Amino acid sequence: MGKAMHDTPMLDQLESGPWPSFVTGLKRLANDESLTYQDMVVDLLGQLEHSYKTRKGYWKGGTVGVIGYGGGIIPRFSEVAAEYPASKEFHTLRVQPPAGMHYDTKLMRNLCDIWEKHGSGLIAFHGQSGDIMFQGASTEKVQDAFNDFNEIGFDLGGAGPAVRTGMSCVGAARCEQSCANEQKILRTLVNNFLDDMHRPALPYKFKFKVSGCPNDCMNAIERADMAVIGTWRDDMKVDQEEVKAFVAKNGSKYVVDNVISRCPTQALSLNDDNTLAVDNRNCVRCMHCVNVMTKALSPGDDKGVTILMGGKRTLKIGDLMGTVVVPFMKLETEEDYERITEIAEETIDFFAENALEHERTGEMIERIGLVNFLEGIGLEVDPNMISEPRQSSYVRIDTWEEEADKWNERKAEEKAA
Ligand code: SF4
């Protein structure tokens, strides 16, 4: 018989709404006799109710780690341990998910078994950071849990001022819009920067996110210091028979109202015979039409990626979207992957040397200027570097003669090659 449950009238109310409640989940764990640390969840519920009553949080940080690692564990010590002793230590292990978050059920059962043995049983798939969050281990058990996770091939993620756990979308395995091998990109980057992930030594966090197409399901533009997003540069593919079938099924008014007129650059029009005309030079790859007419429209064949730097949430100077620093690059050969790693290395080195403490890449770029940043990481200025498609090229080629000449020369050389 486990410890008696605390009265939780305020938490109980959270179970009454229409959505699944985390309180119900916690109660299930608290009543599970098979859990090694069942009492921990009982006291966790008690402490949470106490927090709701007093409107205060009672977790404080500290230092907890595993051998050889400088990060990856989020320490949580309770300030009300006298009243709720079983949950006095409730640390979180951040564990990196597989790229694209592909698991099989056996693997998930193994993860659950390990956590039910060493921790509270409470798991978040996945936290905002992208990691699997194994929440609730005592200081003593952190190493044991890590050892077991490691045994089945998992590693801790990043925490603190370090390269953080990367994220990639589910990708081509389940999504037909994918324009890049997002899992390979992520693994290449993560494997290359594992040291910087496990031993925090940067001015602040640095995140990679990889989305396979411009839908950007990883929200890489808004949330990654370095975003790699799949795209295409030739014409999108149009199956006119499918267009006609779509118009026949939904009516031309529906198509005009929901596809044609919603193209942000008016690049679409419906012909008299109900086929679709696409002005590809004006398409900004917003993906709207491709998402609506999935059978008729798909990305082109000449696929590659766009790289953006400096996206982040609020912090000091407000939300920042990533800035395009590589408008398009092919990712086919091993050299291409080496190049992308090289760009990341240059950026992280520059960030390590030039950012102020607690400053993200985007803020550093704002402070020192984009031109200095590009020079620092060895990228040539290109008028296709933009903040918003078609609207604001950073590069004024009308007045920036020298850069414009350089760019024109480069383009001419590329053409000749
Ligand atoms: Fe227009 Fe977006 Fe479709 Fe391009 S992808 S044609 S910008 S709706």
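Helix H4, residues 105-118, lies across strands S4 (91-95), S5 and S6. Its direction makes an angle of about 20° with S6. The model is a predicted one.

The strands under discussion belong to an open sheet of four, ordered S2-S4-S6-S5, with antiparallel pairing. S2 (73-74) and S5 (122-125) stand at the edges. Each has a single partner strand, so one side of each is left without a neighbour in the sheet. S5 runs antiparallel to S6 (residues 132-137), and four bridges join the two. Ile123 shows the register: its bridge partner in S6 is Phe134.

S5 and S6 also meet helix H3. The buried residues of H3 pack against both strands, and against helix H1 (9-13), helix H2 (22-30), strand S1 (59-60) and strand S3 (77-78). Among those buried residues are Met40, Val41, Val42, Leu44 and Leu45. Polar ones are on the list too, including Gln38, Asp43, Gln47, Glu49 and Ser51. The length of H3 can be checked. It has 17 residues, 38-54, and at 1.5 Å a residue these should span 24 Å. The end C-alpha atoms are 25 Å apart, which agrees. Arg55 follows the helix, with a positive phi near 55°.

Next, the nonpolar cores. The largest holds 40 residues. Within it, Ile185, Phe208, Met226, Ile307, Ile340 and Phe373 touch the most other members. Helices H6 (182-192), H12 (334-354), H13 (361-368) and H14 (370-376) each supply at least two residues of this core. So do strands S8 (208-211), S9 (226-232), S14 (303-309) and S15 (323-329). H12 gives the most, with seven residues.

Take Phe208 as a way in. Leaving aside neighbours within four places in sequence, its contacts include Val163, Met167, Leu189, Phe193, Met226, Ala344 and Ile348. Thr165, Gly166 and Ala224 are also in contact with Phe208. Apart from the largest core lies another, of 22 residues. Val255, Ile260, Ala267 and Met287 are among its members.

Last, the cysteines. The count of disulfides is zero. Why is Cys175 not bonded to Cys213? The sulfur of Cys213 is the closest cysteine sulfur to that of Cys175, but at 5.5 Å it is too far for a bond. Cys217 is in no disulfide either; its nearest cysteine sulfur, again that of Cys213, is 5.9 Å away. As for surface, Cys175 counts as partly exposed, at 29% relative accessibility. Cys217 is exposed, with a relative accessible area of 58%.

Notes:
Residues are numbered from 1 along each chain as its sequence is written. This is a predicted model: local features need pLDDT of at least 70, side-chain atom pairs count only at pLDDT 80 or more; totals for chains, interfaces and linings use all residues. Side-chain values use heavy atoms; hydrogens and water are left out. Two strands pair if DSSP finds at least two bridges between them. Contact means heavy atoms within 4.5 Å. Axes are lines fitted to C-alpha atoms, for helices over the stretch in contact, and angles run from 0 to 180 degrees between N-to-C directions. A nonpolar core is a set of buried Ala, Val, Leu, Ile, Met, Phe, Trp, Tyr and Cys residues joined through side-chain atoms within 4.5 Å. Buried means under 20% relative accessible area, exposed over 50%, partly exposed in between (1.4 Å probe, protein chains only). The expected span of a helix is 1.5 Å times one less than its number of residues. A disulfide is a pair of cysteine sulfur atoms within 2.5 Å.
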